[in-house]
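Here is a short report on one protein model. Read it with the sequence and the structure side by side.

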Amino acid sequence: MSGAALGLEIVFVFFLALFLLHRYGDFKKQHRLVIIGTLLAWYLCFLIVFILPLDVSTTIYNRCKHAAANSSPPENSNITGFHATATPVPSRHPCFKPWSYIPDGIMPIFWRVVYWTSQFLTWILLPFMQSYARSGGFSITGKIKTALIENAIYYGTYLLIFGAFLIYVAVNPHLHLEWNQLQTIGIAAANTWGLFLLVLLLGYGLVEIPRSYWNGAKRGYLLMKTYFKAAKLMTEKADAEETLEDVMEEVRKVNESIKYNHPLRKCVDTILKKCPTEYQEKMGRNMDDYEDFDEKHNTYPSEKSLVKLHKQVIYSVQRHRRTQVQWQILLEQAFYLEDVAKNETSATRQFVHTFQSPEPENKFIQYFYNPTVEWYWECLLRPWFYRILAVVLSIFSVIVVWSECTFFSTTPVLSLFAVFIQLAEKTYNYIYIEIACFLSIFFLSICVYSTVFRIRVFNYYYLASHHQTDAYSLLFSGMLFCRLTPPLCLNFLGLTHMDSSISHQNTQPTAYTSIMGSMKVLSFIADGFYIYYPMLVVILCIATYFSLGTRCLNLLGFQQFMGDNDMTSDLVDEGKELIRREKRKRQRQEEGENRRREWKERYGHNREDSTRNRNLHVDPKESNLSDISTNRSASKYTRANNRTERDRIELLQDVEPLDFNAETFTDDPLESEPGR
């Protein structure tokens, strides 16, 4: 099993990152380099989180082996001149290899490759790809030029700081830094920046995640919040449609001014390809390719203005598509929550949906997740499950906050994470050690990463599910993950006292800590910032619990969901009316489809029977019988006509009127119907 666990986790984490990227990104429409860069960043960060427990168990085994080697008795001893063989003393350290043991020399190389690759992505490659993806250039060279210009200040700041530091070291005669020390300083600077952001996100996630599950058990709360989201999303949807109309009007003007033989016509064609299909058809019908652009002395847009217009088209189309998809998803959520509220008082204990799902469900799921099981889960078990889960997550949050405030204390050990790991280390229960480490770092990662997925910086950064995230937001999330994961892992090792700079013990460090280097070069960071700054998580948790950030955003004009606010109540009522209107609209559509289906089933067979009767050969001797049958069918049709007159009137009302086209209208009925 040596190295097998490492290989299995590498494969599993890859598919996990691929699944999440498929949920948020769009493999078909987005550029391949964007997909590959984001996938690599997410994959490396998730890999660090999953592999670190194996590094901890391997380090504990190596410590045990080292302690057993130092405490072993000599092989031979001479007692009063007699040559005697000493009896072997049983070792006090029952060292046995864990099932996930990784051989020596593999982990340092692995961590070195993973860490420096992630740092190259977050500080150099991904910012450049962000500017490249957001650029409106029409060629690869133009996009690269734009990306370099936008990142000149970004990269120049780093070079300026690094150059000033080198000059300071060269002038000061008391400082003699080697390459390893410079490398450690660079790592410390990156981890300091990441730890500053990490504590902010962690303080929010430790409170908001348990509270979200507790509120998830309240059906009324979820329904009111969904109405609130519907009102806000409708405003955003209307704004996106208006912006798209304005941008398409600019594209129409450019399309009419720049004709087929203009040098910039290729740029206009590229812009038209990014427009929605309905706008492309409208602009294509109004295009006159035979008009020369030199015949009219008009002012034509420059290439720079076309680049700006191309950028606006990409942004507006992406935003319009995202709001449309999110509106449909929010409608389904609102309809389902209303169905749950109705079915809670059902005496039959059968879950009844107002609207059937348009996608056919799997037969296996239909068999086990039938309406009865769905009623018990949604109306009875799910609220209690969410409450229990919220309590468990709250306990984890309290443990994390306590450990963040006391992990610097080594005698006595106050950090609960360190207590759990040290108890397991005494018995060398590697399974328990790996499970405890994985649950601890997994919970910390969920608190931090979920906040990255939830936050929204206006319309510049927003991770939207169902393949609606743009390239800029995907790359920005990859940058955040690569900057947050290394300090997150160092913070976890400090909580468990596996970091020698925290425990102040002369023990073998983990392979991950050895890659970070010794922080004795920057003692004010190792003994000051890394120790006392994480205590701010207490203040952030208190602020999140009392929703201070939400209240501040409300004061600034950014409406947030708050139950004791008049504006929130108004938006909830507005969203409720919007959902009711969409529900009536969908019900009318389903009723119209049902009437069409019934009309087709009822009169489609009669039409087939009449066609079949006309094709039959009628014998002259049986003409009387055929007349009788014709009369009977006529009388039958007359009786049926009265019975179905109402249905046909309703069907005619549902039919949309045809568009009038003056070009195809003719006064002569013979010309309009030549076959009559």
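The report goes from the overall model to helices, buried sites and backbone geometry.

## Basis and confidence

This is a predicted model, so local features need pLDDT of at least 70 and side-chain atom pairs count only at pLDDT 80 or more, while totals for chains, interfaces and linings use all residues. Residues are numbered from 1 along each chain as its sequence is written, and side-chain values use heavy atoms, with hydrogens and water left out.

pLDDT is the predictor's confidence in each residue, from 0 to 100. The protein averages 80. Of its residues, 79% score at least 70. Two stretches need care. Over residues 75–93, pLDDT stays under 50. The model has 14 contacts beyond four places in sequence for that stretch; contact means heavy atoms within 4.5 Å. Over residues 646–676, pLDDT also stays under 50, and the model has 14 such contacts there.

## Overall build

The protein has 24 helices and four strands. Both are DSSP runs, numbered from the N terminus: helices are H or I with at least four residues, and strands are E with at least two.

The protein has 676 residues, and 38% of them are buried. Buried means under 20% relative accessible area, exposed means over 50%, and partly exposed lies in between (1.4 Å probe, protein chains only). The exposed area is about 40900 Å², with 61% of it supplied by carbon and sulfur atoms. Areas come from the Shrake-Rupley method with a 1.4 Å probe, and for residues only the protein chains shown count as cover. Take contacts between residues at least 6 apart in sequence: 78% of them join residues at least 24 apart.

## Two helices with bends

Helix α2 covers residues 32–70. Its 39 residues should span 57 Å at 1.5 Å a residue, and its end C-alpha atoms are 55 Å apart, which agrees. The expected span is 1.5 Å times one less than the number of residues. Of the 39 residues in α2, 29 are buried, so the helix is mostly covered. A kink of about 35° lies at isoleucine 51, shortly before proline 53. The bend at a residue is the angle between axes fitted to the seven residues ending there and the seven starting there.

Helix α6 runs over residues 179–216. It has 38 residues and reaches 53 Å from its first C-alpha to its last, close to the 56 Å expected. α6 bends by about 25° at glycine 205.

## Packing around three residues

Phenylalanine 481 sits in helix α15 (residues 471–495). Is phenylalanine 481 buried or exposed? It is buried, with a relative accessible area of 0%. Beyond four places in sequence, phenylalanine 481 touches Trp42, Cys45, Phe46, Tyr449, Val452 and Phe453. Its C-alpha lies 6.8 Å from that of tryptophan 42, although the two residues are 439 apart along the chain.

Serine 440 belongs to helix α14 (residues 430–454). Serine 440 is buried, at 10% relative accessible area. Its side chain reaches the backbone oxygen of alanine 436 at 2.7 Å. Leaving out residues up to four places away in sequence, serine 440 touches Phe417 and Phe492.

Cysteine 405 lies in helix α12. Cysteine 405 is partly exposed, with a relative accessible area of 22%. Past its neighbours within four places in sequence, cysteine 405 is in contact with Met535 and Val538. The C-alpha atoms of cysteine 405 and tyrosine 532 are 8.0 Å apart, with their positions 127 residues apart along the chain.

## Backbone geometry in the loops

Most residues other than glycine have a negative phi, and most peptide bonds are trans. Three loop sites are worth checking against that background.

A cis peptide bond joins threonine 411 and proline 412, with omega about 0°. Proline 412 lies in the loop between α12 (371–406) and α13 (416–427). Arginine 349 is not a glycine, yet has a positive phi of about 55°. Arginine 349 lies in the loop between α10 (303–343) and α11 (363–368) and is partly exposed, at 40% relative accessible area. Histidine 497 also has a positive phi, near 60°. Histidine 497 is found in the loop between α15 and α16 (500–503). Histidine 497 is buried, with a relative accessible area of 7%.

Key: Polar contact = N/O pair within 3.5 Å; in protein donor to acceptor, adjacent residues only side chain to side chain.
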